[in-house]
Amino acid sequence: MDRKRILKDYDYFLALTVIALGVFGVVMIYASANAEFVPALPRIVRDFGDLWRPQKIYVITGAILMIAISLVDYRLIMRFYLYIYGAMILLLIIALVFFNPDVGTARSVWIPVPFLGVLSMQPSEFSKLFMMIFLAKFLALNKERFNKLLWLGLVLLLIALPVVLVVLQPSLSASLVVLSIALIVLFTAGLYWRTMLIGTAILTPAVVMIVLDLHRASPIFVTRFLQDFQWQRIETFLRPEYASEDAIRQTTESLYAIGTGGLTGRGFLQNPYVALGHNDFIFSVTASQFGFVGAAVLLGIVAFVIARCVIIALKSPDIEGRLFSAGVAGMILIETFFHVGVATAILPNTGMPFPFMSSGGSMIWVHMIAIGIVINIGLPRPPKSMFEDEDAPSAN
């Protein structure tokens with residue numbers, strides 16, 4: 001594809017929208033710990049106010065990565081799908097074995113990046129991107145047979161392995177996103193309805209058993225598979241009347257911040273303090289300062305990004321482009337739903353970042369790279385010859 005055509009048909013609006021969300025996130029991270037009353041809080045809380053500085057670098061580098069990746073033919077990236085899957089498993093194992101000394105807390109697992117000083121990456125975040133690339137290409141290559149029993153079993157096994165490794169880190173929220181992405185890509189690839197009905201019939205008794213177990217005073221099964229801090233969050237959500245003040249503090253602060261924002265907000269830097277407002281509750285900080293109107297506009301912008309990914313998926317010239325774009329749309333939708341659900345107390349606290357805005361370099365890079373690939377998928381390409389194989393890569 002020639003340069004003039006790229007410049008003409010490039011999705012500038014999507015790219016600029018994503019960058020704007022990142023910049024707004026930097027501002028909200030600054031606001032999360034720099035309100036007037038924050039100096040009265042412990043120093044560890046005030047130090048969160050400096051997180052906007054590295055976040056600024058993450059957004060800049062993420063934007064550069066997005067633009068650079070958007071100019072690379074996505075089909076070239078997809079060719080390395082097996083190596084990408086292998087790298088995902090390797091990174092998750094390394095994180096689990098060498099960089100996870102304390103699995104009894106909600107501490108995220110980071111791996112230092114060689115030759116880049118203090119810079120590090122979070123494998124559980126990158127597993128979202130790697131899973132989408134792998135499944136998009138794998139299912140495209142096996143579109144005629146992945147619905148067969150043995151092949152479907154293989155696909156589910158390949159999905160389950162990284163999901164289990166992410167759960168063990170432990171990162172329940174990231175594992176839920178990875179699993180959701182996989183299921184969305186599977187559905188988009190054409191999973192048979194009868195397969196979904198059979199799967200639903202098989203899983204329904206297990207889901208009922210889990211729900212009944214959760215409502216027991218002393219669960220028998222659920223606590224065997226969750227870390228103590230994870231179960232405490234779920235129990236606090238289910239039985240808040242018995243929870244300690246410390247256990248419900250984050251939820252209480254989040255609801256108070258959103259409620260006091262009213263229709264148009266308290267104003268910039270007038271938000272009340274919310275624990276982890278720079279990350280897991282950045283939506284609450286935004287709603288407090290800009291009110292219902294600001295929160296609605298923010299969600300509308302995210303909805304535009306999701307809709308644009310869906311449109312590009314529908315117009316994709318091939319199956320892998322369609323599956324990847326659908327996976328990105330699903331990732332952003334699931335993350336936004338969980339983040340806002342936690343902030344408004346309709347879901348238990350899962351520690352879910354808000355796409356493009358929450359603090360964290362890995363999250364920013366993964367989402368920016370994913371959007372870069374989607375933008376490349378959306379670039380028009382010359383029509384294929386009737387003699388050309390549908391899945392064969394064409395010149396970009």
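Trainee: Is Ile371 buried or exposed, and what is its relative accessible area?
Mentor: This is a predicted model, in which local features need pLDDT of at least 70 and side-chain atom pairs count only at pLDDT 80 or more, while totals for chains, interfaces and linings use all residues. Residues are numbered from 1 along each chain as its sequence is written, and side-chain values use heavy atoms, with hydrogens and water left out. Buried means under 20% relative accessible area, exposed over 50% and partly exposed in between, with a 1.4 Å probe and protein chains only. Ile371 belongs to the buried class, because its relative accessible area is 0%.

Trainee: Which residues does Ile371 touch, not counting residues up to four places away in sequence?
Mentor: Ile371 is found in helix 16, where helices (H or I, at least four residues) and strands (E, at least two) are DSSP runs numbered from the N terminus. Contact here means heavy atoms within 4.5 Å. One partner is Met66, and although Ile371 and Met66 are 305 residues apart along the chain, their C-alpha atoms are separated by 6.6 Å. With sequence neighbours set aside as you ask, Ile371 touches Leu14, Val18, Met66, Val305, Cys309, Val328, Ile332 and Phe356.

Trainee: Which residues touch the most other members of the largest nonpolar core?
Mentor: A nonpolar core is a set of buried Ala, Val, Leu, Ile, Met, Phe, Trp, Tyr and Cys residues joined through side-chain atoms within 4.5 Å. The largest such core holds 96 residues, and those touching the most other members are Leu129, Leu135, Leu139, Phe324, Val328, Ile371 and Ile373.

Trainee: Is helix 14 oblique or roughly parallel to helix 16?
Mentor: The axes of helix 14 (residues 282–315) and helix 16 (residues 361–378) come within 9 Å and cross at roughly 40°. Axes are lines fitted to C-alpha atoms, for helices over the stretch in contact, and angles run from 0 to 180 degrees between N-to-C directions. Angles under 35 degrees count as roughly parallel, over 145 as roughly antiparallel, 65 to 115 as roughly perpendicular and the rest as oblique. That crossing angle therefore makes helix 14, with respect to helix 16, oblique.

Trainee: Which residues of helix 16 meet Val305, Cys309 and Ile312 in helix 14?
Mentor: The crossing of these two helices, helix 14 and helix 16, is left-handed, meaning that the near helix is turned anticlockwise from the far one by less than a right angle, whereas clockwise would be right-handed. On the helix 16 side, the residues that meet Val305, Cys309 and Ile312 are Ile371, Val374, Ile377 and Gly378.

Trainee: What is the distance between the axes of helix 7 and helix 16?
Mentor: Helix 7 (residues 123–141) packs against helix 16 at an angle of about 20°, and the two are therefore roughly parallel to each other. Helix 7 also passes helix 16 in a left-handed crossing. The distance between their axes is 8 Å.

Trainee: What is the relative accessible area of Thr264, and which residues is it in contact with beyond four places in sequence?
Mentor: Thr264 lies in the loop between helix 13 (249–261) and helix 14, and Thr264 is exposed, with a relative accessible area of 58%. Its C-alpha atom is separated by 7.9 Å from that of Gln289, 25 residues apart along the chain. Leaving aside neighbours within four places in sequence, Thr264 is in contact with Gln289, Phe290 and Gly291.
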